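Hi there,

I'm handing over the structure we talked about, and it follows just below. Have a look at it first, and then read on for what turned up.

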Amino acid sequence: MQPHRVLFIPELLGIILSFVDEDDYVSIACVCKQWSEITLDVIWREVDDLSRLLSLLRPYKIRGRYNLFDGLPDSRDWARFQKYANRVRILRFEQDNDVDYSGLLDDMARTRTTLDMLPNLHTLEWVYDDIDCMERATLFMHQRLRHLIISAPPLRHKDKVSFFLDVCVRAPHLHSLDLRVPYCVQYTETAILELLRGLPDLKKVIFPEFFLTSSIVSELARMKHIKIVQFEYGFDQGLGEEKDVDTFAPVLEQGAFPALLDLAVTARIEHVMRFVNADFAPVNLTSLYINTYVEHKPEELHTLFVTLSERCPRLSQLYVLLAHHVTGDLELVPAKQITFNTLTPLLSFPNLVTFQVTHKYPVNITLEEIEELAYRWPTLESLTLNEEPLVMGEFTLDLRALVPFARLCPKLRRLGLFIDANPANIPPTLELKPFAALCVLSVGTSRACDPEAVAAFMSHLCPPKCALEVGVTWTSFGVHSCRVLDDDVRMEISRRFNSWKSIRNILPVLIQLRREEREKSRALQEEVEDLRTRTRLLMDKVDVKANDSCMIA
């Protein structure tokens with residue numbers, strides 16, 4: 001029996017194969033020649049093991065940490081290799097100091113029969129530690145490369161500019177650049193500026209934290225196609241120094257950032273306001289991420305929101321991380337708490353559907369104000385309202401804060417709140433409507449009493465497969481002061497986590513039970529309605545009125 005002709009559509013079969021275990025690819029490839037070709041495309045589309053690719057060319061021997069071909073590759077080896085190399089679209093490599101591929105790569109460079117060894121490669125990831133490995137990254141670069149994830153030259157490498165210029169010559173039409181740098185920006189800023197000038201088609205850049213200096217942002221502002229400017233936290237991306245972005249004052253000329261939609265910066269709030277108020281500011285932003293390690297007053301945050309609502313009306317996503325805290329100094333200062341009044345300008349944004357704020361103090365907001373927030377913001381898709389403050393002793397919200405969002409925000413997929421989850425505060429007559437679309441409920445450093453009762457309450461609201469997130473993310477931020485928490489804070493977070501862990505284990509079972517109850521209730525209602533309809537039809541047939549009575553003697 002011949003397979004259905006639909007299964008010979010390459011795109012469709014490729015999608016199907018993406019869900020198949022890799023161990024089954026060999027069997028699938030043996031079905032017929034056409035399936036073999038499509039399967040080989042899937043197998044070799046993404047290569048994350050360089051040795052797997054190199055072994056296609058010629059067998060090699062391992063001597064200690066060095067790898068050497070058993071002989072120089074010839075034209076026949078390259079002809080066989082090219083059959084598979086043409087299929088590679090993504091190549092990922094991360095240097096392992098215990099394995100050295102330099103000899104193999106050098107032999108490939110000397111004997112190759114074409115300049116582009118992977119002619120259809122569009123994404124290259126090359127993460128390295130030493131200069132030798134750095135230089136061999138250019139072997140896989142060519143004019144059709146579009147996405148590059150790469151380490152900056154090692155700190156001890158004096159001429160960093162020359163390597164970046166080489167990248168620009170070999171892959172001048174890159175659309176995205178993800179730069180990993182294990183040292184601060186002052187040692188490589190000049191080289192990065194030269195790199196950006198040589199890549200006019202860039203649409204997206206990702207740097208380590210503290211690398212978006214005034215000079216670099218000024219250069220990005222001159223680029224016609226740049227849409228996304230981001231930074232990432234963590235050691236893998238690299239760590240800069242906060243002092244490098246202490247002053248954020250990019251020079252914006254006429255026509256600056258003509259295509260920019262998504263921007264992430266580490267800067268003081270007053271510097272951000274000055275930036276968006278500039279004559280040629282990128283007012284068409286749809287996503288803005290602001291990170292600051294300087295202490296700011298709620299009034300400054302309120303002014304920022306007012307400014308953004310007036311200058312950037314297209315914003316749909318706004319993230320504000322106020323990451324300032326001093327170890328050992330975590331006493332609540334009510335005057336420095338974010339309040340509902342601080343947040344009210346957010347309701348003036350015509351397109352804002354995602355908002356996140358993080359602060360060391362809990363948001364001072366009442367249940368009545370939560371009700372108003374949900375009522376006036378029905379289009380919300382994601383709201384993270386500082387669910388992980390480090391000052392954790394004062395609460396203004398409890399489990400009832402979830403109810404207005406479930407009732408009034410049908411598109412809400414993510415919700416983060418700092419609450420005192422005590423079922424004793426819940427009136428038994430409270431009407432509960434489940435969330436329509438919630439995927440993630442984040443409770444951060446909230447407190448929970450009586451896990452079983454809390455889980456029972458939440459099972460009325462949470463849909464199936466809704467994830468419950470618990471814990472603190474402060475320790476993932478770049479500045480050392482944010483990564484270090486007081487011992488008593490860490491102990492309290494751990495205690496609270498254990499309670500929520502119990503709730504997280506119980507909740508899926510209870511949600512399933514609630515779902516079955518609702519299905520049974522719905523089926524019963526349908527059955528009752530069906531009986532009413534049948535009864536009405538029968539009474540109409542025999543011409544008996546609903547209020548008629550009969551007497552049997």
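**What was found**

Buried residues make up 48% of the 553 residues in the protein. Please keep in mind that this is a predicted model.

Let me begin with the overall picture. The secondary structure comes to 18 helices and 19 strands. Among the contacts with a separation of 6 or more, 80% join residues that are 24 or more positions apart. As for the surface, the protein exposes about 27700 Å², and carbon and sulfur atoms supply 52% of that area.

Now to the inside. The largest nonpolar core has 144 residues. Which residues have the most contacts inside it? They are Trp126, Phe140, Leu220, Leu385, Phe405, Met458 and Trp500. Another core, of 16 residues, lies apart from it, and Ala323, Tyr361, Met392 and Phe395 are among its members. Going back to Phe140, its contacts, leaving aside neighbours within four places in sequence, are Leu50, Leu91, Leu105, Met117, Leu118, Leu121, Leu124 and Trp126.

A good helix to look at is α12, which runs over residues 298-311. Helix α12 has 14 residues and reaches 20 Å from its first C-alpha to its last, close to the 20 Å expected at 1.5 Å a residue. Its buried residues are Pro298, Leu301, Leu304, Phe305, Thr307, Leu308 and Ser309. A general point helps when reading that list: an α-helix has 3.6 residues a turn, so residues three or four places apart point the same way. What do the buried residues of α12 pack against? Their partners are the helices α11 (269-276) and α13 (340-343), together with the strands β11 (287-292), β12 (317-322) and β13 (354-358).

Within α12, have a closer look at Phe305. Phe305 counts as buried because its relative accessibility is 0%, and the cut-off for buried is under 20%. Leaving aside neighbours within four places in sequence, Phe305 is in contact with Leu318, Val320, Thr342, Leu343, Pro345, Leu346, Phe349 and Phe355. The C-alpha atoms of Phe305 and Leu347 are separated by 9.7 Å, with their positions 42 residues apart along the chain.

Two pairs of helices are also worth showing you. Helix α9 (residues 189-197) and helix α10 (residues 214-221) pack with their axes 10 Å apart, at an angle of about 5 degrees. The two therefore count as roughly parallel, since that word applies to angles under 35 degrees. On the α9 side the contact is made by Glu189, Ile192, Leu193, Leu196 and Arg197, and on the α10 side by Ser215, Ile216, Glu219 and Leu220.

In the other pair, helix α4 (residues 50-57) and helix α5 (residues 75-85) pack at an angle of about 140 degrees, and their axes are 7 Å apart. That makes α4 oblique to α5. Here Leu53, Leu56 and Leu57 in α4 meet Asp77, Trp78, Arg80, Phe81 and Tyr84 in α5.

Helix α9 also holds Glu194. Is Glu194 buried or partly exposed? With a relative accessible area of 28%, Glu194 is partly exposed. Not counting residues up to four places away in sequence, Glu194 touches Val161, Leu165 and Cys168. Glu194 and Val161 are 33 residues apart along the chain, and their C-alpha atoms are separated by 6.9 Å.

Finally, some loops. Phe210 sits in the loop between β8 (204-208) and α10. Phe210 is not a glycine, although its phi is positive, at about 70 degrees. Phe210 counts as buried, at 4% relative accessibility.

One of the contacts of Phe210 is Glu241, which also touches Cys184 and Gln186 when neighbours within four places in sequence are left aside. Glu241 lies in the loop between β9 (228-232) and β10 (262-266). At a relative accessible area of 33%, Glu241 is partly exposed. Between the C-alpha atoms of Glu241 and Glu209, 32 residues apart along the chain, the separation is 8.1 Å.

A positive phi, near 55 degrees, is also found at Asp450, a residue other than glycine. Asp450 lies in the loop between β18 (447-448) and α16 (451-458), and is partly exposed, with a relative accessible area of 44%.

Enjoy exploring, and write back whenever you like.

Best wishes

Methods:
Residues numbered from 1 in each chain as written. Predicted model: local features only at pLDDT ≥ 70, side-chain atom pairs only at ≥ 80, totals over all residues. Heavy atoms only, no water. Helix = DSSP H or I, 4+ residues; strand = E, 2+ residues; numbered from the N terminus. Expected span 1.5 Å × (residues − 1). Buried < 20%, exposed > 50% of the residue type's maximum accessible area, 1.4 Å probe, protein only. Contact = heavy atoms within 4.5 Å. Areas by Shrake-Rupley, 256 points an atom, 1.4 Å probe, with all protein chains shown as cover. Core = buried A, V, L, I, M, F, W, Y, C linked by side-chain atoms within 4.5 Å. Axes fitted to C-alpha atoms, helices over the stretch in contact; angles between N-to-C directions. Parallel < 35°, antiparallel > 145°, perpendicular 65-115°, else oblique.
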